[in-house]
Amino acid sequence: MDIVIIGSGNVAYHLAKSCSRSHVKIAQIFGRNDAELSKISKELGIPYSTETLADADCYLLAVSDHAVAEVSSRITKEDCLVAHTSGSLPVEELKGAYRKASFYPLQTFSRNREQDYSKIPFFIEAEYENDAEILKTLAGKISPHVFDSNFEKRKYIHITAVFACNFVNHLFARAQEISDAQDIPFSYFEPLIAETVNKIRELPPKDAQTGPAVRADHRVLELHEALLGGEHLAIYKTMNQSIKKMYDL
Ligand SMILES: NC(=O)c1ccc[n+]([C@@H]2O[C@H](COP(=O)([O-])OP(=O)(O)OC[C@H]3O[C@@H](n4cnc5c(N)ncnc54)[C@H](OP(=O)(O)O)[C@@H]3O)[C@@H](O)[C@H]2O)c1
């Protein structure tokens, strides 16, 4: 089966790399960003083009959500399978006469981070059962964690990921602003952050909660509020309100 990856961003790069490592041949990586495509091509030994989309059986479309409709409409071949990699788009977002699918890797991908691809859950949805099998076989070469999905489920998987990853990372970034402003090295917090993540492998997050809000320690809460301003104060209050509601405090 000839596979082409479209896009040259975080997901396109890691898909290309994970396929390479799993000995899945990628016939071409296609996109509009010559500089990025050329780097990926050089690193992974995959031909690339910004001009001519290669003929293939399967196209994995890893472009920004807002570009999926437009980029997918440029695939004029009909006898092929096209899958996007978005958590929050239905397969109908793909615009063409080909067979449509979704190939969603549940991981946060940044270009310069090494990944253990074998740990990534893949969620597969396709208009036709045979295509779902093709994509499950492909994902199965990268990781043993491959699941059937549908848009109803996938959009909630994505929202959960936004809470569990994107929001948590944003809190790290805000936390670092607070520590940087006081010349406190953020590296001091690394063991705390690691243990916060490690312990929820054994305890449900709700049982692992610590801190002044769950202890209903009003003196500390007031002290912290007096030290904060702007976005930091707004986040502090919103998070504490959510914690209090969860524990009926
Ligand atoms: N990053 C993640 O952690 C993650 C995880 C799972 C799924 N996803 C999904 O995977 C898809 C790609 O995400 P990403 O993180 O790889 O995004 P990204 O790093 O921002 O890369 C986006 C890619 O889309 C291209 N693109 C954007 N607009 C375009 C247009 N109008 N025409 C042609 N190409 C265009 C960009 O080209 P230029 O470089 O030229 O702008 C780039 O190659 C999205 O659907 C996203 O929701 C992302």
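These are my notebook entries on the ligand site, the pockets and the cavity of this structure.

**Entry 1: the model.** I am working from a predicted model. I looked up the ligand surroundings, then the open pockets, then enclosed space.

**Entry 2: the shell around the ligand.** I began with the residues near the ligand and found 23 surrounding it. Ser-8, Val-11, Arg-32, Asp-65 and Phe-109 are the closest. I then sorted the shell by class: eleven residues are polar, eight are nonpolar and four are charged. By element, α1 (10-21), α3 (68-72) and β6 (99-105) each contribute at least two residues to this shell.

**Entry 3: polar contacts of the ligand.** I looked up three contacts to ligand oxygen atoms. Val-11 makes its contact through the backbone, with an N or O atom 2.8 Å from a ligand oxygen. For Arg-32 the side chain is involved, an N or O atom there being 2.8 Å from an oxygen atom of the ligand. Asn-33 places a polar side-chain atom 2.9 Å from a ligand oxygen. Next I checked how far the ligand is covered: on its own it has 900 Å² of accessible area, and the protein covers 75% of that.

**Entry 4: the pocket that holds the ligand.** Which pocket does the ligand take up? I found the ligand in the second largest pocket. I noted a volume of about 1600 Å³ for the second largest pocket. Its lining comprises 44 residues, and nearest the centre lie Asn-10, Val-11, Gln-107, Thr-108 and Phe-109. Val-11 and Phe-109 are also among the residues closest to the ligand. The elements supplying at least two lining residues each are α1, α3, β6, α5 and α6. Of the elements, α5 gives the most to this lining, with seven residues. By class I have 20 polar, 17 nonpolar and seven charged residues in the lining of the second largest pocket.

**Entry 5: the largest pocket.** I turned to the largest pocket, which has a volume of about 2400 Å³. I count 46 residues in its lining, with Leu-171, Thr-196, Gln-209, Met-239 and Ile-243 nearest the centre. Two or more lining residues come from each of α5 (151-181), α6 (190-199), α7 (205-208), α8 (218-227) and α9 (230-246). Which element gives the most to this lining? The answer is α5, with 14 residues. The lining of the largest pocket has 29 nonpolar, 13 polar and four charged residues.

**Entry 6: enclosed space.** How many cavities of 30 Å³ or more does the structure hold? I found one. The largest cavity has a volume of about 50 Å³. Its lining consists of Val-11, His-14, Leu-15, Ser-18, Pro-105, Phe-109, Tyr-117, Ile-120, Phe-122 and Ile-142. The largest share comes from α1, with four residues. I looked for charge in this lining and found no charged residues; eight are nonpolar and two are polar.

**Entry 7: a residue to keep in mind.** I went back to Val-11, which recurs in these entries. Val-11 is listed among the residues closest to the ligand, and its backbone supplies one of the 2.8 Å contacts. Val-11 also lies near the centre of the second largest pocket, as one of the residues nearest to that point, and it helps line the largest cavity. Phe-109 likewise appears in the ligand shell, in the lining of the second largest pocket and in that of the largest cavity.

Methods. Residues are numbered from 1 along each chain as its sequence is written. This is a predicted model: local features need pLDDT of at least 70, side-chain atom pairs count only at pLDDT 80 or more; totals for chains, interfaces and linings use all residues. Side-chain values use heavy atoms; hydrogens and water are left out. A residue is near a molecule or strand if one of its heavy atoms lies within 4 Å of it. A polar contact is a pair of N or O atoms within 3.5 Å; within protein, one must be able to donate a hydrogen and the other to accept it, and residues adjacent in sequence count only if both atoms are side-chain atoms. Accessible areas come from the Shrake-Rupley method with a 1.4 Å probe; for residues, only the protein chains shown count as cover. On a 1 Å grid over the protein atoms alone, a cavity is a set of points where a 1.4 Å probe fits but cannot get out, and a pocket is an open set with protein on both sides within 12 Å along at least five of seven lines; lining residues have an atom within 4 Å of a point. A molecule sits in a cavity or pocket if more than half of its atoms lie within 2 Å of its grid points. Ala, Val, Leu, Ile, Met, Phe, Trp, Tyr, Cys and Pro count as nonpolar, Asp, Glu, Lys and Arg as charged, and the others, Gly among them, as polar. Grid points are joined across faces, edges and corners, and a volume is the space filled by probe spheres set on the points.
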